[in-house]
Amino acid sequence: MCNTKGTVTVLGIDPGSQRTGWGVVRETSGVLQLVDCGVVRTASAGKEFSDRLARIYHELLAIVARLKPDEAAIEQVFTAKNAASALKLGQARGVAVAACAAHGLVIRDYEPTLVKKSLVGTGRAEKEQVSFMVQRLLNVKNADWALDTSDALAVAICHLTMRRFAALAGK
């Protein structure tokens, strides 16, 4: 992992072909701070699936350029019952990785169950439980963000937690 001392800023991404959640969290001396967050919506990007992928890529490029995170954390693709949906999700995840890599970010990926377990204590937590914990950890009251956004913030917080564990373990 990278720098484990001082301040680190992480971009968390919850990839999706229709809605890609993103959130930037800064940690300074163990204190978490929300920097910015949102959702890349692709419904109006165009008729072709490639247009949706391009929107995800370009919007994430702009977010990274504007907010200048040190690292990125991206949720892994879950096993879907529908192979076509899993393929589209994988492609959306791929362009998110490419956008972060284009800026030279260290990129880590996390299984959804690990993200949930690190925040809520169980890998089967509901999205609303994850959102509740994200708000508590970031000291945000009455957040009106989408669940895709809270999932992305959860990925960033999970990454910061894993960085601390790695530092304690001497890795």
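**Entry 1: helix α1**

Helices here are DSSP runs of H or I with at least four residues, numbered from the N terminus. With that settled, I looked at what comes right after α1 and found K68, whose phi is positive, near 50°. I kept in mind that this is a predicted model.

Next I went back to α1 itself, which covers residues 49-67 and has 19 residues. From its first C-alpha to its last, α1 reaches 27 Å, close to the 27 Å expected at 1.5 Å a residue.

Which residues of α1 are buried? I noted L53, I56, L60, L61, I63, V64 and L67. Looking down the axis of α1, I saw that these buried residues fall within an arc of 165°, so they line one face of the helix. A general reminder helped me here: an α-helix has 3.6 residues a turn, so residues three or four places apart point the same way. On the face of α1 turned away from the buried side, I found the exposed residues H58 and R66.

I then asked myself what the buried residues of α1 pack against. My list has three strands, β1 (7-14), β2 (19-28) and β3 (31-41), plus the helix α2 (83-102).

**Entry 2: T42**

I picked T42 next and found its place in the loop between β3 and α1. Is T42 buried or exposed? Its relative accessibility is 0%, so T42 counts as buried. The side chain of T42 reaches the backbone oxygen of S17 at 2.6 Å. Setting aside neighbours within four places in sequence, I noted that T42 is in contact with S17, Q18, R52, R55 and I56. I had already met I56 among the buried residues of α1.

**Entry 3: helix α3**

In α3 (112-120), I found P112, V115 and L119 buried. Seen down the axis of α3, they fall within an arc of 65°, so they too line one face of their helix. The buried residues of α3 pack against β4 (71-75), β5 (106-110), α4 and α5. Just after α3, I noted G121, which takes a positive phi of about 105°.

**Entry 4: the largest pocket**

Last, I looked up the largest pocket and wrote down a volume of about 720 Å³. How many residues line it? There are 31, of which D14, P15, F78, L89 and K127 lie nearest the centre of the pocket. I also checked which helices contribute to the lining: α1, α2, α3, α4 (127-137) and α5 (147-168) each supply at least two residues. That brings both helices from my earlier entries, α1 and α3, back into view.

Methods
Residues numbered from 1 in each chain as written. Predicted model: local features only at pLDDT ≥ 70, side-chain atom pairs only at ≥ 80, totals over all residues. Heavy atoms only, no water. Expected span 1.5 Å × (residues − 1). Buried < 20%, exposed > 50% of the residue type's maximum accessible area, 1.4 Å probe, protein only. Arc of directions from axis to C-beta. Contact = heavy atoms within 4.5 Å. Polar contact = N/O pair within 3.5 Å; in protein donor to acceptor, adjacent residues only side chain to side chain. 1 Å grid on protein atoms, 1.4 Å probe; cavity = no way out; pocket = protein on both sides within 12 Å on 5 of 7 lines; lining within 4 Å. Points joined across faces, edges and corners; volume = space filled by probe spheres on them.
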